[in-house]
Amino acid sequence: MSHVGFIDTTYQPNYNKEIVVTFYMEPAIAFNEAAEAVAGESSIGSWTDLSTLKPDVAKKIGAKVFYFNEKQNIVKIAYPLELFELGSIPQFLSSVGGNIFSMKAIKNLRLVDVEFPEKYIKSFQGPALGIEGIRKILKNKDRIILGSIIKPKVGLSAIEHAQVAYDVWKNGIDLVKDDENLTSMVFNKFEERIKRTLAMRDKVEKETGKIKIYAANVTAPPDIMLERAKYVKSLGGRCVMVDIVSTGLDNVQYLRKQNLGLIIHGHRAGHSTFTRYPKHGITMLVLAKLARLAGIDQLHTGTVVGKMEGSEQEVLSINELLREDWQHYHILRENWSALKPTMPIASGGLHPALLPKLEEILGHDIIANFGGGVHGHKDGSAAGARACAQAAEAIFEKKSLKEQAKFHPELKTALDQWGGVKYKQQR
Ligand code: CAP
Ligand code: MG
């Protein structure tokens, strides 16, 4: 029987051949013993030495704790690629996102970041269209893309839904989306909603000469999800939306593999069940990396200024990762150039008065989504859409919203209505 030690602080990881994971760890036993247990359980080890584990195998594919800092609660582990099945997010999560989170040896454990070798990144399809593809479809090179979630989340009939979509598209919104919990309801069946909403899209495109996108929520068990995505495609749809946490990233991979040529819009409802508590779980950054691998073209990542939790530093680092080929803050250790970039989506509590600050922090290469900030406008959804478009126009022309509102009554009303609505901003 051989004893396997998983700690070697003299070890230099090979970023081309190993997946390097950074954990935040609060141990329930001695720090080094807990680190050892985490590395073992997530790779080849057990709670005892194993007669079946050959020393040469242990040496070759055992994980290595190459750095730990007890004061900062940081553990860095290098995992040889042989421990992973290429192209499989479920297998990755069963390893480094698996049993280790249940062990009594730890009080808290957080998967902070993962650095993937190029070979691993290349084994995934990534986005079919990416930022360039989305901008090409919309013929919009450099402006913020304006989106609107039809509200109420659930409660409109298919006819009403399609009419509201028409109203906002007609008045300056580029992308209309279903809400995360709107799938196929007794009073708003999926097929009817899609048929009617896409018919309205065609009508508005004819009337305005502008391209519009409808992100139809196909979230469902995989067989039904696929049927629905094919239905969207058959009616000339350009985009489907998937709730990536509740549906599962494996199902996103499955949908992407069908090569339907559709934009996949990733809604992250439920991510905070494991991303929010700062000491335990998996960070949104890691989820975003997995979403890009799986093939999400556009992903909700937060607003900083809106109603959802997420600090400026966090949202910026996620957006940078999604957009870039190389990850700057890793000193060029991770090469994502094999996969197309994913477009970040800012959503949650946005209204026109927040748009300048949003642009100042996150830049213009985003989709800005408005739900209540369009459909809560005192004069209705059409006026709400106009107010958003007027605010975006002002930003593009480098004018203040106050100046713009002098000649744009819908924006003026929105500013009067919501100018005072500010959420706590996290640095
Ligand atoms: C926004 C939204 C989105 C959230 C998701 C909602 O509506 O439709 O689902 O933005 O959060 O249901 O809350 P409002 P995140 O514009 O009316 O707030 O993007 O942070 O994942
Ligand atoms: Mg929503």
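**Exercise 1. In this predicted model, determine which residue forms a salt bridge with Arg193, and place both partners in the fold.**

Solution. Begin with the distance: the closest N and O atoms of Arg193 and Asp178 are 3.2 Å apart, and the two residues form a salt bridge. Next, locate the partners: Arg193 belongs to helix H7, which spans residues 190-208, whereas Asp178 sits in the loop between strand S6 (175-177) and H7, so the pair ties together parts that are 15 residues apart in sequence. Finally, consider exposure: Arg193 and Asp178 are both buried. This pair belongs to a structure in which a search of the whole finds 19 salt bridges.

**Exercise 2. Work out which parts of the chain are tied together by the salt bridge of Arg238 and Glu205, and decide for each partner whether it is buried or partly exposed.**

Solution. The closest N and O atoms of Arg238 and Glu205 are 2.7 Å apart. Arg238 lies in the loop between helix H8 (222-234) and strand S8 (239-243), and Glu205 lies in helix H7, so the salt bridge ties together parts that are 33 residues apart in sequence. For the exposure step the cut-off for buried is under 20% relative accessible area. Arg238, with a relative accessible area of 21%, is therefore partly exposed, while Glu205, at 15%, counts as buried.

**Exercise 3. Identify the protein donors of the magnesium ion (ligand 2), and establish whether these residues are buried or exposed.**

Solution. The donors from the protein are Asp179, through OD, and Glu180, through OE, and they lie 1.9 to 2.0 Å from the magnesium ion. Turning to accessibility, Asp179 has a relative value of 2% and so counts as buried; Glu180 is buried too, its relative accessible area being 17%.

**Exercise 4. Describe the surroundings of ligand 1, starting from the residues that are closest and ending with the area that the protein buries.**

Solution. First, take the shell: 16 residues surround ligand 1, and the closest are Lys153, His267, Lys307, Gly349 and Gly372. Sorted by class, this shell has three nonpolar, seven polar and six charged residues. Second, examine individual atom pairs: a polar side-chain atom of Lys153 is 2.5 Å from an oxygen atom of ligand 1, and an N or O atom in the side chain of Glu180 is 3.0 Å from an oxygen atom of the ligand. Gly348 contributes a backbone N or O atom, which lies 3.0 Å from an oxygen atom of ligand 1. Third, turn to the area: ligand 1 taken alone exposes 480 Å², of which the protein buries 94%.

**Exercise 5. Trace the side-chain partners of Lys399, and state how exposed the residues involved are.**

Solution. Lys399 meets Glu397 in a salt bridge, with 3.4 Å from N to O. Both are partly exposed, Glu397 at 40% relative accessibility and Lys399 with a relative accessible area of 37%. A polar contact of 3.0 Å also joins the side chain of Lys399 to that of Gln404. Gln404 is placed in helix H17, residues 401-405, and at 2% relative accessibility it counts as buried.

**Exercise 6. Find where Asn171 lies, and name the side chain with which its own side chain makes a polar contact.**

Solution. Asn171 is in the loop between helix H6 (158-170) and S6, and its relative accessibility of 15% means that it counts as buried. The side chain of Asn171 makes its polar contact with the side chain of Arg386, at 2.6 Å.

**Exercise 7. Examine the backbone at Pro152, Val304 and Lys398, and set out what is notable about each.**

Solution. As a reference, most residues other than glycine have a negative phi, and most peptide bonds are trans. Against this, Lys151 and Pro152 are joined by a cis peptide bond with omega of about 0°, and Pro152 lies in the loop between strand S5 (145-149) and H6. Val304, although not a glycine, has a positive phi of about 70°; it is in the loop between strand S11 (298-300) and helix H13 (312-323) and is buried, with a relative accessible area of 1%. Lys398 likewise has a positive phi, of about 55°, without being a glycine, and lies in the loop between helix H16 (381-396) and H17. With a relative accessible area of 76%, Lys398 is exposed.

Conventions:
Residues numbered from 1 in each chain as written. Chains lettered and ligands numbered in written order. Predicted model: local features only at pLDDT ≥ 70, side-chain atom pairs only at ≥ 80, totals over all residues. Heavy atoms only, no water. Donors = N, O, S within 2.8 Å, 3.2 Å for Na, K, Ca; no water. Buried < 20%, exposed > 50% of the residue type's maximum accessible area, 1.4 Å probe, protein only. Near = heavy atom within 4 Å. Polar contact = N/O pair within 3.5 Å; in protein donor to acceptor, adjacent residues only side chain to side chain. Areas by Shrake-Rupley, 256 points an atom, 1.4 Å probe, with all protein chains shown as cover. Nonpolar A, V, L, I, M, F, W, Y, C, P; charged D, E, K, R; others polar. Salt bridge = Lys/Arg side-chain N within 4 Å of Asp/Glu carboxyl O. Helix = DSSP H or I, 4+ residues; strand = E, 2+ residues; numbered from the N terminus.
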